[in-house]
Protein chains: 2
Amino acid sequence: MNIPRSSFPRVIIAGGGFAGISLAKKLSKQDIQVVLLDRHNYHTFQPLLYQVSTGGLEPDSIAYPIRKILSKYSNFFFRLTTLESVDTENNKVICDIGEIDYDYLVIATGSDTNFFGNEEIQKNSMSMKTIPESLNLRSLILENFEEALLADSMDDRDALMNFVIVGAGPTGVELAGALAEIKKGILPKDYPDLDTRRAQINLIQSSDRVLNAMSNEASEKAEEFLEDLGVNIWKNTRVTRYDGDLVTTNTDLSMRTATLIWAAGVKGATVKGIDGTDLVTKGNRIIVNEFSQVKGLINVFAIGDIASMESEDFPLGHPMMAQPAIQQGKHLGDNLIRLTEDLPMEPFHYRDKGAMATIGRNKAVVDLPRTKYQGVFAWFVWMFVHLYFLIGYRNRIVVFINWVYNYVRFDREARLIIRPYKKNREIRKASGNPFT
Amino acid sequence: MNIPRSSFPRVIIAGGGFAGISLAKKLSKQDIQVVLLDRHNYHTFQPLLYQVSTGGLEPDSIAYPIRKILSKYSNFFFRLTTLESVDTENNKVICDIGEIDYDYLVIATGSDTNFFGNEEIQKNSMSMKTIPESLNLRSLILENFEEALLADSMDDRDALMNFVIVGAGPTGVELAGALAEIKKGILPKDYPDLDTRRAQINLIQSSDRVLNAMSNEASEKAEEFLEDLGVNIWKNTRVTRYDGDLVTTNTDLSMRTATLIWAAGVKGATVKGIDGTDLVTKGNRIIVNEFSQVKGLINVFAIGDIASMESEDFPLGHPMMAQPAIQQGKHLGDNLIRLTEDLPMEPFHYRDKGAMATIGRNKAVVDLPRTKYQGVFAWFVWMFVHLYFLIGYRNRIVVFINWVYNYVRFDREARLIIRPYKKNREIRKASGNPFT
């Protein structure tokens, strides 16, 4: 991989998400050679992907070039590559661009969408874990309305204007809210020759409440907000089949839709070489100890979504979201520095900073360790926190401007079909190749 | 196409570029039914495409949803479609989504890249006429440097870091300048482990000066600016072959490059049905009279790049750029209104507002009818004019912020490979499908 060995120990970080980046930053200006690997040349701010999908933000403003983050530091190397497997016996990783050996390996490969083995749904549904996926969804949503104008039967038209979101976690709830606002504020103006009142947003949740990782107050208020916006909520319902047209559930609910968005679960993006059943949880997460060490390996670590650090407070590991990833990254950074100084590592303790979700303008829910609130203030807190954690001043300014503009104008001007999804899907099918 | 006939005459506008949009705006609030057809759901501000390719701007900020432009008006219909042919006998157009008849047809389909029949170059080179094309180019440029890191031989590495731009019109000059600034300001920071000083930007021009549609002063100054930035300029040189690796010219100049950008010419994007040799020029432009009427047809018009209105001052028709398109659109709008009021049409007269091009920070050249200037002031004029003609307040603000940021920070943060071009090219090859 053409990376020269220095006298410093080499740390390979696999993945430039929240965990990998916060670790990398910690290791700057240390006597450590850091090699960061990622399949994208940018860091993605995943919490705002749903706004890219719904035309509220440019993809470029929630992504940040990884090389720019690292360029400030010395002893940093980045390679744009896909990690194929890990050889812990010989301390090396195998990538599509070659092999490279390490002194310390940190797996921060994050999570993938979890279809729980349902290949039919995986094949026919949309997911939203990456920027290309969000842009595909944006294109599909807009293409559906263009197509609805041409539909011969009312039934086909309704199917094209029916959006089914599976999973009422933050992603599903935020997406449902955004779509409902588009239906209310934009569709009637954009499609005067289409009865967009017939557009439907259906949110299907297997458990008995939305946002079930949050407080009851948050769930109830979020549900109220969603209903105010006209979202149809189906609780205690599990989607069993989707053939690209008809959605079937375990209840008598079943409907036609051209767009099924799967936000029902995530699983760890495990790596070949560290995937033995003894090393990995049911959710595909790598089991680590309080030092983020992988079972039985002293120089291999896992942090972020991929890592399951089981503790009394978190018997199933920490929640798969930004905060644990950031905290684990920083903490492991300190520990690695301690290791190079022959000091003992310190165990990780998670500081729960709460959770939040936004449903629409002036509508958000926030759970903090000591307090909870919902509504306008929560919405401002949500915006402030997201701007704060966004990487890059330019991104913050551009996102802020877009938010102000969208708020004042009740608008989302990035409703652009830059790359037609349906056409590309044909290309993809024809070639049998995956699309990135 | 499900568009109801009203008591008003129907005008079909084929193309939502500068010409089509300025015509559409003129026809708002008239007793005229306007049907706008375009293959994209957005208007593209082509003069800034090169900044998208070079990571200076988000694509979303130079595009604007066509439906939003039209939503203010009544009697407007938009269809996302590709125009297949025109049947002037029966006054109807045939699209991939069906047929539609018209009372008046306005062809504003713009221009395509002109490879002058060289299929090898067309197959292996990049062009930059649409947003997807610009994004492909952006990805390719960045992918080349990532690949250069892995190259085994110096020779391969140099080929990956060598950029050849063919055609020194505004597009070629602006692109060359931007790439030179990236080489100077960004590559050394982003690729510390790559000798980016070896990166080359070659600008090849068949005539004896760059910007040969502009004044000699502009040409000379632009050339000076480009040389200051380290661009290699090859004049009186015509590229004859490019097999994807080796560029061959009609002189003894020949070099290896992974990226040949073809900005050497444009041709009218003619439409089947109006393509007889008597109707179309050598440059594939539709010959029109002083009322923008297509030869022998009273209710079919052509405006913008696609139209060649030959006059004493412009024996070969007006230059293929924004100004003639905008002016012809507005003028035809007035004429169509006059027609509906049974008034005679008025002949078009072009008001030459001059031309301009930017080479880099503080480096631009401006030719105005009465005066010419180059340098810092010209550069501010260039920016002001482009912000002014950009559609949409949000776009103007976001572009302005990006420019200020890039200027102050010597940076371009949109250097993101959102969709890997090389991988998609494989998919495309495998499927034989064109990529949009």
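This passage describes how the two chains of a predicted model meet and how three pairs of its helices pack.

The relation between the copies is a good place to start. A turn of 180° with a shift of 0.0 Å along the axis lays chain B on chain A, with an RMSD of 0.0 Å. This is therefore the relation of a two-fold axis. The interface fits that picture: 100% of the interface residues of chain B are also interface residues in chain A, so the copies meet through the same surface. In numbers, 60 residues of chain B are in contact with 60 residues of chain A. About 5700 Å² is buried between chain B and chain A, and 56% of this area lies on carbon and sulfur atoms. Three arginines deserve a mention here, since B:R67, B:R394 and B:R419 supply 14% of the area that chain B buries against chain A, more than any other three residues.

Between the chains, helix α12 (residues 393-409) of chain B packs against α12(A) at an angle of about 165°, and the two axes are 10 Å apart. Angles over 145 degrees count as roughly antiparallel, so α12(A) is roughly antiparallel to α12(B). Their crossing is right-handed. On the chain A side, the residues that meet the partner helix are A:Y393, A:R394, A:I397, A:V398, A:I401, A:N402, A:Y405 and A:R409, and on the chain B side they are B:Y393, B:R394, B:I397, B:V398, B:I401, B:N402, B:Y405 and B:R409. Sorted by class, this contact has ten nonpolar, two polar and four charged residues. B:R394 thus appears both in this helix contact and among the three residues that supply 14% of the area buried by chain B.

Within chain A, α12(A) also has a neighbour in helix α11 (residues 376-389); the two pack at an angle of about 155°, with axes 10 Å apart. With that angle, α11(A) is roughly antiparallel to α12(A). Here too the crossing is right-handed. From α11(A), the contact draws on A:W379, A:W382, A:M383, A:H386, A:L387 and A:Y388, while α12(A) contributes A:R396, A:V399, A:F400, A:W403 and A:Y407. The class count for this pair is nine nonpolar, one polar and one charged residues.

A third pair lies within chain B. Helix α1 (residues 18-26) and helix α10 (residues 322-340) of chain B pack at an angle of about 30°, their axes being 7 Å apart. Because angles under 35 degrees count as roughly parallel, α1(B) is described as roughly parallel to α10(B). The crossing of α1(B) with α10(B) is right-handed. The α1(B) side of the contact consists of B:F18, B:A19, B:S22, B:L23 and B:K26, and the α10(B) side of B:A322, B:A325, B:I326, B:G329, B:K330, B:L332, B:G333, B:D334, B:L336 and B:I337. By class, nine nonpolar, three polar and three charged residues take part in the contact of α1(B) with α10(B).

Terms used. Residues numbered from 1 in each chain as written. Chains lettered and ligands numbered in written order. Predicted model: local features only at pLDDT ≥ 70, side-chain atom pairs only at ≥ 80, totals over all residues. Heavy atoms only, no water. Axes fitted to C-alpha atoms, helices over the stretch in contact; angles between N-to-C directions. Helix = DSSP H or I, 4+ residues; strand = E, 2+ residues; numbered from the N terminus. Parallel < 35°, antiparallel > 145°, perpendicular 65-115°, else oblique. Left-handed = near helix turned anticlockwise from the far one by under 90°. Contact = heavy atoms within 4.5 Å. Nonpolar A, V, L, I, M, F, W, Y, C, P; charged D, E, K, R; others polar. Least-squares fit on C-alpha atoms with pLDDT ≥ 70 in both. Buried area = accessible area lost by both parts, 1.4 Å probe.
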